[in-house]
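Colleague: I'm still learning to read models like this one. Please pick one part, take a close look at it, and then show me how the rest fits around it.

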Amino acid sequence: MDFANFLIQLLNSVQYGLLLFMLAAGLTLIFGIMGVVNLAHGTFYMLGAYLAWFFTSHFDNLLIAIVLGALLAVAFGWALEWLLIRHFYKRDHLDQVLLTFGLIYIFQEARSILWGDDVHSVAVPAMFNGAIQLTENLSYPVYRLVVSAVCAGLALGLYLLISKTRLGMKIRAGAFNREMTESLGINIRFIHAIVFAMGVGLAAVAGMVAAPISSVYPGMGSSVLIMCFVVVVIGGIGSVRGALVAALMVGLVDTFCKVLLPEIAGMAVYMLMAAVLLFKPEGLFKS
Amino acid sequence: MSTAKAQLEILPRSIQILLSVGAIALAAFPLIPMESSGFYIQLLSQMMILAIFAMSLDLLQGVTGLVSLGHAAYFGLAGYALAFLTPADVPVSLWWSLPVAALGTGLAALVIGFFVVRTHGIYFIMVTMAFAQMVFYIFFDNADLGGSDGLYVYFRPDATLFGWQPFDLENKTTFFYFTLALLVLIYAFLRRLLFSPFGRALTGIRVNEHRMRAVGYGSFGYKLTAFTLAGALAGVAGYLWAAQTGYVNPELMGFHLSAHAIMMVILGGMGNFAGAIVGAFAFEWVMHFFKDLTKHWQLLMGSFIVLVVLFAPRGLLGLIERFTAATKEKAEETP
């Protein structure tokens, strides 16, 4: 593998890793702060991708699609939290697993009724449709860099929100000690709704920006969900920083194994996870 | 209410009667003359196989408190074991291939269990899933192992013993009774196990692992043994599945089947094995019912699952128990 090729794979793995981070951050926050295991998180990614396809086919502009889709996804997340999830905060994890698995069925079928079971593609926006020439016959698509930049920007925003703002302080306090936070007069119910809606929004935005790269297809949620779990477990459940590090690790291992060791590529990430848990049974950054 | 009672470990009379009636009805079913009885015999065989699978998971989930989201790995592995053991031109002997498949999957569960049993709670759920995915991809990515297309099992296992053939599994009805016999046997074995010192230790670990350790039980060994045994029993189910359908593919080890098994156990009621059987039958029946009803059966299935978690957190057996307890109370109030 020469340098240009290596660079391409490196950029690909960072892009994949950052995309995974967007999903895993929501998942890990929802678990860490609300104590809810959400198997339906992958379907929000799928929802995002389908919204991107649906809106671009109407407005022909991915940016408008993403803004509209994100608003819709956040509203959807808010409604879902209010309707169902909030009854499950104090229930057993098993009940949450069951509930969210039921939701996967419902969302999948709703998608099938609304938008069918076909595979769709979303065009890369014209302004990002170029490629950067690396060598004579190797180039790198600009849109992938844009995806990385968007995800990195959102990751930074999330970090600032959680570590620097008043709302972030309340979120952290709620995760640390729920009763104490409540007795300080902070409306934890409201915080939970925000976190859940934010998680859904992040997953949907990930699906929307990924749509032009990965195409839009019915089963896209479940494979990404399992990858997210791996990321969350490697990073340590509840830790956003852990999710970032783990997502980048997973991106690297997955991308480079596909190129260098295709025979074990499917398993490589799970082997990484097993290896990490062998030494750190609680993940890398257990908070 | 004590934990044992809450988990319905000791089955109330009403549920014991329900199980006995169910077993007799199953045994009598092939005798009823009806049109498409072959189809129903196959369907019921499948439900019984899934019931065995669900019971094996209940040993972990309901008894020991270990929720495995990767239990299908062992189901699928045993199916593949049968596929590899069966030559292309003659059937394989039942008498050694079934033990080999079950022991092999038990061994796989022992190795994987060594890693996963050290984790707790939600980590356990996810790590079991990760290992199952690993097994899934070993078969999915490897053309020598059938790849994504899977493998055919050309013949059902042969029960011939020293030249004498007591029964023929190629016959649907015989296969049905063979499965029923295994279901009853494994149920009896697990019930016996539940109230043995080993089973009591597992229950103790579920209720309070720290206290069990303080009393001097090495919980790791107990949990690993349970995990291995559950893997081997799931293997029995997977073997039967492959024998019945004549076909194995990586989906048998997939995430969806593992989640289905969890749902069956919760739907029926956890920790007593009867619930796993009831749950497997109910789940499959509801699913077939919805599939016949509409193309959009997943919508109904999903809503059904959501409603069950919302309103019957202790499963169907819990509902039955609550109902019979309420009528009994009423009867006692008005003598």
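Modeller: Here's a walk that starts at one histidine and then moves outward. Keep in mind that this is a predicted model.

Our starting point is His192(A), which you'll find in helix α8 (residues 188-214) of chain A. Is His192(A) buried or exposed? Its relative accessible area is 2%, and because anything under 20% counts as buried, His192(A) is buried. Which residues does His192(A) touch, leaving aside its neighbours within four places in sequence? The contacts are Ile33(A), Met34(A), Glu81(A), Tyr89(A) and Arg178(A).

Let's follow one of those contacts, Glu81(A). The side chain of Glu81(A) meets that of Arg189(A) in a salt bridge, at 3.5 Å from N to O. Those two partners come from distant parts of the chain: Glu81(A) belongs to helix α3 (residues 62-83) of chain A and Arg189(A) to helix α8 of chain A, 108 residues apart. In general, oppositely charged side chains can pair when their charged atoms come close. Now look at how each partner is placed. Glu81(A) has just 1% relative accessibility, so it counts as buried. Arg189(A) has a relative accessible area of 32%, so it is partly exposed.

How many salt bridges are there over all chains? The count is eight. Another one in chain A joins Asp117(A) to Arg111(A), with the closest N and O atoms 2.5 Å apart. Here Arg111(A) is buried, with a relative accessible area of 5%, while Asp117(A), at 46%, counts as partly exposed. Over in chain B, Lys223(B) and Glu209(B) form a salt bridge whose closest N and O atoms are 3.1 Å apart. That pair joins helix α10 (residues 219-245) of chain B, home of Lys223(B), to helix α9 (residues 209-215) of chain B, home of Glu209(B), with the two positions 14 residues apart in numbering. Both Lys223(B) and Glu209(B) are buried. Add Arg213(B), and you have a network of salt bridges linking Glu209(B), Arg213(B) and Lys223(B).

Charges can also turn up over rings in this model. In chain B, the charged end of Arg156(B) sits over the ring of Phe175(B), 4.7 Å from the ring centre. Lys291(B) has its charged end over the ring of Trp297(B), again 4.7 Å from the centre.

That brings us to rings meeting rings. Over all chains, the structure holds 38 aromatic pairs. One of them is Phe6(A) with Phe256(A), a tilted pair at 5.6 Å centre to centre and 45 degrees between the planes. This pair links distant parts of the chain, since Phe6(A) is in helix α1 (residues 3-34) of chain A and Phe256(A) is in helix α10 (residues 240-260) of chain A, 250 residues apart. Phe6(A) counts as partly exposed at 35% relative accessibility, whereas Phe256(A) counts as buried at 14%. Phe54(A) and Trp115(A) make another tilted pair, 5.8 Å centre to centre with 45 degrees between the planes. Phe54(A) is in helix α2 (residues 41-59) of chain A and Trp115(A) is in helix α4 (residues 93-115) of chain A, so the pair ties together parts 61 residues apart in sequence. Trp115(A) is buried at 16%, but Phe54(A), at 28%, counts as partly exposed. Both rings also belong to a cluster linked by ring pairs, together with Tyr50(A), Trp53(A), Phe55(A) and Phe59(A).

Next, a record to set beside all this. An unreviewed UniProt entry annotates "transmembrane region" on several stretches of chain A, including residues 62-85, 190-211 and 259-279. In the model, residues 62-85 of chain A are 92% helix and 0% strand, and their end C-alpha atoms lie 31 Å apart. For residues 259-279 of chain A, the chain is 81% helix and 0% strand, with the end C-alpha atoms 27 Å apart.

Last stop: where the two chains meet. 38 residues of chain A are in contact with 39 residues of chain B. About 3700 Å² is buried between chain A and chain B, with carbon and sulfur atoms giving 81% of that area. On the chain A side, Leu94(A), Leu98(A) and Tyr105(A) lose the most area to chain B, together 20% of what that side buries. And how many salt bridges cross the interface of chain A and chain B? Zero.

Note on methods. Residues are numbered from 1 along each chain as its sequence is written. Chains are lettered from A and ligands numbered from 1 in the order in which they are written. This is a predicted model: local features need pLDDT of at least 70, side-chain atom pairs count only at pLDDT 80 or more; totals for chains, interfaces and linings use all residues. Side-chain values use heavy atoms; hydrogens and water are left out. Rings of Phe, Tyr and Trp (its six-membered ring) pair if their centres lie within 6.5 Å; planes under 30 degrees apart count as stacked, over 60 as edge-to-face and the rest as tilted. Helices (H or I, at least four residues) and strands (E, at least two) are DSSP runs, numbered from the N terminus. Buried means under 20% relative accessible area, exposed over 50%, partly exposed in between (1.4 Å probe, protein chains only). A charge sits over a ring if NZ of Lys or CZ of Arg is within 6 Å of the ring centre and within 35 degrees of the ring normal. UniProt positions are given in the numbering used here, feature names are shortened, and annotations may be inferred rather than shown by experiment. Contact means heavy atoms within 4.5 Å. Buried area is the accessible area (1.4 Å probe) that two parts lose on being put together, summed over both. A salt bridge is a side-chain nitrogen of Lys or Arg within 4 Å of a carboxyl oxygen of Asp or Glu.
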